[in-house]
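Work through the exercises below with the sequence and the 3D structure at hand. Each task is followed by a solution in steps.

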Amino acid sequence: MTATALQPGIANTLTQGQLHPRTPWVILGLSFAAAGGIVSLITSATASEFSLVGAAALGVLFYLVSIVVISRLVEGSRKATDRFVTALVTGAFLIAMAPLVSLLVTVVVNGSARFDIEFFSSSMRNVVGEGGGAAHAIVGTLLMTGTAAIISIPIGLFTAIYLVEYGRGPLARAITFFVDVMTGIPSIVAGLFAFALFALFFGPGVRMGFAGAVALSVLMIPVVVRSCEEMLRVVPNELREASFALGVPKWLTILNVVLPTSAAGIATGIMLSIARVIGETAPLLIVAGFTASMNYNLFADRMQSLPVFVFTSYANQGVDTQAYLDRAWAGALTLILIVMLLNLVARIIARAFAPKLGR
């Protein structure tokens with residue numbers, strides 16, 4: 001007998017039998033089939049409707065019990081525990097994805113009815129029933145969000161650089177505290193702040209696109225600061241020390257070493273912050289208002305945005321109710337596509353600016 005041989009009666013849990021790779025899928029299918037049959041019998045006996053959610057929950061329960069018992073008999077307790085935890089994690093992921101998938105399917109199905117050329121080329125001026133579009137809202141959203149980004153990105157980036165590279169003492173702690181507070185403020189507060197600020201200069205009741213951009217920048221700045229700060233802290237200190245050892249000034253080290261190294265993460269954080277504020281409704285409803293006409297001037301008159309367009313189309317339905325609902329769903333679908341495009345751009349930028357580790 002070799003030195004590694006096991007004594008009689010002692011089982012090696014690492015080398016016990018293994019279930020066939022298809023066995024879990026067979027158990028899953030049988031579990032859902034049994035759950036569906038049981039729910040069908042209950043619904044037929046009580047004359048009620050079939051509950052898909054109830055059948056799915058019962059099927060998951062059957063699967064958990066079955067896979068653990070079978071795996072414990074064949075593979076041992078270690079593998080059974082692993083399969084149980086894997087099933088729980090997978091189930092949690094599917095539960096988290098279910099609302100998102102349901103939302104996307106609902107918006108695509110309902111928004112495709114008006115997802116046409118007229119919707120992207122026309123405004124709602126002189127339209128009271130069918131027809132019209134959201135061109136004025138799309139232009140307003142792009143103008144206000146772009147202006148908010150122009151305001152927020154330099155302020156947020158420079159603040160993050162100060163906190164990471166220079167900030168020490170009470171001032172840095174105060175800035176960090178207020179950034180944390182601003183991160184959690186409701187969006188309506190940002191709208192009220194911008195409204196009060198512009199009312200001091202232009203009088204009460206002022207509505208303009210630039211005020212909406214300022215309100216969005218109040219929400220965007222703390223997100224930019226936090227994301228850029230975390231990316232700057234990830235840069236190894238060895239790179240800074242190597243640059244200092246060569247006699248490079250600190251500002252030049254930040255410009256040529258720190259920022260290029262963290263450029264991918266900074267770009268991703270900025271894109272995500274834009275995606276976070278582009279769907280805000282409450283602040284724009286207060287300070288930018290809503291209009292049915294095209295407006296390219298941020299400093300004059302009201303300016304429509306896509307979130308406000310969706311809200312007003314649903315809340316203020318006219319004679320042809322279905323036409324207003326179709327435009328609202330199409331506006332929601334357009335907004336989701338814009339956010340998805342921003343996330344895609346963020347991934348492309350992150351991959352383009354990522355440090356090249358290969359030779």
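**Exercise 1. Charges over rings**

Find the ring over which the charged end of Lys-250 sits, and do the same for Arg-327.

Step 1. The criterion is that NZ of Lys or CZ of Arg is within 6 Å of the ring centre and within 35 degrees of the ring normal.
Step 2. For Lys-250 the ring is that of Tyr-166, with the charged end 4.7 Å from the ring centre.
Step 3. For Arg-327 the ring belongs to Tyr-324, and the distance to its centre is 4.6 Å.

Two notes on the source apply throughout. The model is predicted, so local features need pLDDT of at least 70 and side-chain atom pairs count only at pLDDT 80 or more, while totals for chains, interfaces and linings use all residues. Residues are numbered from 1 along each chain as its sequence is written, and side-chain values use heavy atoms, with hydrogens and water left out.

**Exercise 2. Confidence**

State the mean pLDDT of the protein, and name the elements with the lowest and highest mean values.

Step 1. pLDDT is the predictor's confidence in each residue, on a scale from 0 to 100.
Step 2. The protein has a mean of 87, and 94% of its residues reach 70 or more.
Step 3. Elements are DSSP runs numbered from the N terminus: helices (H or I, at least four residues) and strands (E, at least two).
Step 4. The lowest mean, 86, belongs to helix 14, and the highest, 93, to helix 5.

**Exercise 3. Aromatic pairs**

Classify the ring pairs Phe-115 with Phe-120 and Phe-198 with Phe-202, then say how exposed each residue is.

Step 1. Rings of Phe, Tyr and Trp (its six-membered ring) pair if their centres lie within 6.5 Å; planes under 30 degrees apart count as stacked, over 60 as edge-to-face and the rest as tilted.
Step 2. This rule gives 7 aromatic pairs.
Step 3. Phe-115 and Phe-120 have ring centres 5.0 Å apart and planes at 90 degrees, so they form an edge-to-face pair.
Step 4. Buried means under 20% relative accessible area, exposed over 50%, and partly exposed in between (1.4 Å probe, protein chains only). Phe-115, at 35%, is partly exposed, and Phe-120, at 36%, is partly exposed.
Step 5. For Phe-198 and Phe-202 the centres are 6.0 Å apart and the planes at 15 degrees, so this pair is stacked.
Step 6. Both of these residues, Phe-198 and Phe-202, lie in helix 7 (residues 187–202), 4 residues apart, about one turn of the helix. Phe-198 is buried at 7%, whereas Phe-202 is exposed at 53%.
Step 7. Ring pairs also join Phe-115, Phe-119, Phe-120 and Phe-309 into a cluster.

**Exercise 4. The nonpolar cores**

Identify which residues of the largest nonpolar core touch the most other members, and which elements give two or more residues to it.

Step 1. A nonpolar core is a set of buried Ala, Val, Leu, Ile, Met, Phe, Trp, Tyr and Cys residues joined through side-chain atoms within 4.5 Å.
Step 2. The largest core has 42 residues, and Met-144, Leu-232, Leu-306 and Leu-342 touch the most other members.
Step 3. The contributing elements are helix 5 (135–166), helix 8 (209–234), helix 10 (250–261), helix 11 (263–277), helix 13 (306–315) and helix 14 (321–353).
Step 4. Helix 5 supplies the largest share, 9 residues.
Step 5. Contact means heavy atoms within 4.5 Å. Leaving out residues up to four places away in sequence, the contacts of Met-144 include Gly-209, Leu-216, Leu-284, Leu-298 and Met-303.
Step 6. A second, separate core of 9 residues includes Ala-194, Phe-198, Val-214 and Ile-286.

**Exercise 5. Positive phi**

Locate Asn-126 and Asp-301, and give the phi of each.

Step 1. Most residues other than glycine have a negative phi.
Step 2. Asn-126 is not a glycine, yet its phi is positive, about 60 degrees. Asn-126 lies in the loop between helix 4 (117–121) and helix 5, and is exposed at 74%.
Step 3. Asp-301, also not a glycine, has a positive phi of about 65 degrees. Asp-301 lies in the loop between helix 12 (282–287) and helix 13, and is exposed at 58%.
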